[in-house]
Amino acid sequence: MKPTQILFTDVSSQTWIEKVHLNSESHPEFSKQSDWSVDKRPLHGGPSEGVDLIEVNNGRLKLNIIPTRGMGVWNGIFDEIPLGWNSPVKAPVNPALVNLSERGGLGWLSGFNELICRCGLISMGPPGTDDGGNPLESELTLHGRIANTPAHFVSVELDPADGGWIRITGRMTEGMLFGSQLQLESTLETQLGSESFTIRDQVKNVGASDAESELLYHINVGAPFLEAGAQFAIPFEEMAPRDPRAAEGVTAYQTYLGPTPGYAEQAYYFKPIADEQGLTPALLSGREGGIGFLVEFVQAKLPCFTLWKNTQPEAAGYVTGLEPGINYPNFRATEREQGRLKALQPGESYEAEFKISILNNSDSVDAIRQKITKLSQQSPSVVHESPHPRFS
């Protein structure tokens, strides 16, 4: 049986479905399972007014996708385990209310509360003035614009193959007259009854001139995976702290504090190692090892990895970031000097892919830990005790 396509949004044809509920009653041909659903609805009230939300339920895993905010994933739940973090920003914020230039270019933070959001596409990293590249794009704000860019196309695919797959695809375009024109096409897919989902992205230069691009996935995890004594693991060739503050904790980068008053964020840059399939596993596991949050990314497409530790008090945003990217979140001029920007000719594109799995027992957590240990034996895993010019 062929997949069924349902168009939610298409600005070019003025197609718009405000509210819809897809399930086994509306599409009995899709799957024999009856506990799946896809719901689209608008949010109302306060800063969420005008934000679209798509809830995908594969029978065990529920995810809330926000087309209005660059197809980010707000939060989710798996077998009663919450996915996400407790941000001071409590609800999805309409991008129209986010002034990226305010507070010295840190306005991006006023909408930041997602489990997954993208940083890019033209720039990401700290704000400032970059004299390289297009002069109209020299004034940079924190982490770029794509996370606050609404999708102009959104569709759902119900594919009955292998027991059933749900795929949500969105397209966003970032650019301006006389500036870069980059299009992101993103697809999130999950198999019915599974503990995982995959995101596949393509970034394409749809303009008439050469363009630079940066991309990092801010994957943000809080409790119950993050707690005092939680552990992080990744196989790597080389690692360095981002700055002197991160260097203070470099010997304990793998272990987390509980919520800590006065804590200042730390970030670590990794050159990861991939397995025989080309995947790098990055694991956050609870103190007792009974649950784990696993990110597996295609290392050839996402060659850089950043670990962000932000163990502030809960009310301030107790969170850690597992962040694969095409580059590191340094200032754009630094990444250009290091040759890590993507230089795209007109019509040229690049792809990125990663998978997130929820591990809800010690056996599955131990299996990934053992895999990471084995992969780590392929390299001496050099740890720089201070910032290194190759990384930052």
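The largest cavity in this predicted model holds about 40 Å³ of space. The structure has one cavity of 30 Å³ or more. Its lining consists of Ile-65, Met-71, Val-73, Arg-118, Ile-168, Ser-186, Leu-188 and Ile-199. By class, six of the lining residues of the largest cavity are nonpolar, one is polar and one is charged.

**The largest pocket**

The largest pocket has a volume of about 500 Å³. Its lining comprises 25 residues, of which Leu-109, Phe-112, Leu-142, Glu-265 and Trp-308 are the closest to the centre of the pocket. Three elements give two or more residues to this lining: strand β16 (211-221), strand β22 (304-311) and helix α3 (314-317). Among the elements, β22 gives the most, with three residues. The class composition of the pocket lining is 13 nonpolar, nine polar and three charged residues.

**Strands β18, β19 and β22**

Strand β22 also takes part in strand pairing: β19 and β22 are antiparallel and share five bridges. On its other pairing, β19 is joined to β18 by five bridges, again in the antiparallel sense. Individual bridge partners can be named for both pairings. Glu-238 has Lys-271 of β19 as its bridge partner, and Phe-270 has Phe-305 of β22. Strand β19 is mostly covered, with six of its seven residues buried.

**Aromatic contacts**

A search of the whole structure returns 16 aromatic pairs. A pair of aromatic rings is described by the distance of the centres and the angle of the planes. Two pairs that share Phe-270 are described here.

| Aromatic pair | Centre to centre | Angle between planes | Geometry |
|---|---|---|---|
| Phe-236 and Phe-270 | 5.2 Å | 75 degrees | edge-to-face |
| Phe-270 and Phe-305 | 6.1 Å | 65 degrees | edge-to-face |

Both plane angles are over 60 degrees, the cut-off for the edge-to-face class.

What do these contacts connect along the chain? Phe-236 belongs to strand β18 (residues 236-241) and Phe-270 to strand β19 (residues 266-272), so their pair ties together parts that are 34 residues apart in sequence. The pair of Phe-270 and Phe-305 likewise links distant parts of the chain, with Phe-270 in strand β19 and Phe-305 in strand β22, 35 residues apart. Phe-270 and Phe-305 are thus an aromatic pair as well as bridge partners.

Are the rings of these pairs buried or exposed? Phe-236 has a relative accessibility of 4% and therefore counts as buried, the cut-off being under 20%. For Phe-270 the relative accessible area is 0%, so this residue is buried as well. Phe-305 is also buried.

The three phenylalanines are part of a wider grouping, in which Phe-232, Phe-236, Tyr-253, Tyr-268, Phe-270, Phe-297 and Phe-305 form one aromatic cluster.

**Charges over rings**

Two contacts between a charged side chain and a tyrosine ring can be added. The charged end of Arg-245 sits over the ring of Tyr-263, at 4.9 Å from the ring centre. In the other, Lys-309 places its charged end over the ring of Tyr-256, at 4.8 Å from the ring centre.

Conventions:
Residues are numbered from 1 along each chain as its sequence is written. This is a predicted model: local features need pLDDT of at least 70, side-chain atom pairs count only at pLDDT 80 or more; totals for chains, interfaces and linings use all residues. Side-chain values use heavy atoms; hydrogens and water are left out. On a 1 Å grid over the protein atoms alone, a cavity is a set of points where a 1.4 Å probe fits but cannot get out, and a pocket is an open set with protein on both sides within 12 Å along at least five of seven lines; lining residues have an atom within 4 Å of a point. Grid points are joined across faces, edges and corners, and a volume is the space filled by probe spheres set on the points. Helices (H or I, at least four residues) and strands (E, at least two) are DSSP runs, numbered from the N terminus. Ala, Val, Leu, Ile, Met, Phe, Trp, Tyr, Cys and Pro count as nonpolar, Asp, Glu, Lys and Arg as charged, and the others, Gly among them, as polar. Rings of Phe, Tyr and Trp (its six-membered ring) pair if their centres lie within 6.5 Å; planes under 30 degrees apart count as stacked, over 60 as edge-to-face and the rest as tilted. Buried means under 20% relative accessible area, exposed over 50%, partly exposed in between (1.4 Å probe, protein chains only). A charge sits over a ring if NZ of Lys or CZ of Arg is within 6 Å of the ring centre and within 35 degrees of the ring normal. Two strands pair if DSSP finds at least two bridges between them.
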